[in-house]
Amino acid sequence: MTYRKPARPPKGKTYCRDCRKYGFYTRRDAKRMEKQYPEEQMRPYRCPIDDNIWHLGHLPNAVRNGEMSADEWYDAAGEVTA
Ligand SMILES: [Zn+2]
């Protein structure tokens, strides 16, 4: 696995203390970051605590725990995939 550090911090990045991870103010910013790590297959999803923040992550815990499928999760998060 290779991690490339961006030359400069991406715009619109913040830190979500509730989720203890980076967040983005727009889905576009999240997607921009995602493109830097294509092999990670991360997806933007809305922060469950703060509607104004997008996170970029692998499968959420609820999916890992088998509580719901990834599709159900992203539907619930309001993501439009098309
Ligand atoms: Zn969050």
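Which residues coordinate the zinc ion, and through which atoms? In this predicted model, the zinc ion is held by the SG atoms of Cys16, Cys19 and Cys47 together with NE2 of His55, at 2.1 to 2.4 Å.

**View 1. The overall fold of the predicted model, given as context for the close-ups.** The protein contains three helices and four strands, and, read from the N terminus, these elements follow the order β-β-α-β-β-α-α. Of the 82 residues in the protein, 34% are buried, and the accessible surface comes to about 6200 Å², with 48% of that area belonging to carbon and sulfur atoms. When contacts between residues at least 6 apart in sequence are considered, 43% of them join residues at least 24 apart. The mean pLDDT of the protein is 79, and 74% of the residues score at least 70; among the elements, strand β2 (residues 21-24) has the highest mean value, 91, whereas helix α2 (residues 61-64) has the lowest, 70.

**View 2. The zinc site, with its three cysteine donors and one histidine donor.** The angles among the four donor atoms run from 104 to 113 degrees, and the site is tetrahedral. For comparison, the ideal angle for four tetrahedral donors at a metal is 109.5 degrees. Along the chain, the donors of the zinc ion are spaced as C-x2-C-x27-C-x7-H. Two of the cysteine donors can be set side by side in terms of accessibility: Cys16 counts as buried because its relative accessibility is 3%, while Cys19 counts as partly exposed because its value is 24%.

**View 3. Arg20, in the loop between β1 (13-16) and β2.** The backbone of Arg20 has a phi angle near 55 degrees, which is a positive value in a residue other than glycine. Is Arg20 buried or exposed? With a relative accessible area of 70%, Arg20 is exposed.

**View 4. The largest nonpolar core, made up of seven residues.** Its members are Phe24, Ala30, Met33, Tyr37, Met42, Trp54 and Leu56, and two elements, helix α1 (27-34) and strand β4 (54-57), each supply at least two residues of this core. Phe24, one of the seven core residues, touches Ala30, Met33, Trp54 and Leu56, among others, when residues up to four places away in sequence are not counted. The contacts of Phe24 also include Gly12, Lys13 and Thr14, as well as Asp29, Asn52 and Ile53.

**View 5. Tyr45 in strand β3 (residues 43-46), shown together with Phe24.** Tyr45 counts as buried because its relative accessibility is 8%, a value under the 20% cut-off. The C-alpha atoms of Tyr45 and Phe24 are 9.9 Å apart in space, and the two residues are separated by 21 positions in sequence.

**View 6. Lys31 and Arg32 of helix α1, shown with Pro44.** Lys31 is found in helix α1 and is partly exposed, as its relative accessible area is 32%. Arg32 lies in helix α1 as well, and at 39% relative accessibility Arg32 also counts as partly exposed. How far apart are the C-alpha atoms of Lys31 and Pro44, and what separates these residues along the chain? The distance between the two C-alpha atoms is 6.6 Å, with Lys31 and Pro44 lying 13 residues apart along the chain. For Arg32 and Pro44, which are twelve residues apart along the chain, the C-alpha separation is 10.0 Å.

How values were computed
Residues numbered from 1 in each chain as written. Predicted model: local features only at pLDDT ≥ 70, side-chain atom pairs only at ≥ 80, totals over all residues. Heavy atoms only, no water. Core = buried A, V, L, I, M, F, W, Y, C linked by side-chain atoms within 4.5 Å. Buried < 20%, exposed > 50% of the residue type's maximum accessible area, 1.4 Å probe, protein only. Contact = heavy atoms within 4.5 Å. Areas by Shrake-Rupley, 256 points an atom, 1.4 Å probe, with all protein chains shown as cover. pLDDT = per-residue confidence, 0-100. Donors = N, O, S within 2.8 Å, 3.2 Å for Na, K, Ca; no water. Tetrahedral: all angles 85-135°; square planar, octahedral: opposite > 155°, others 65-115°.
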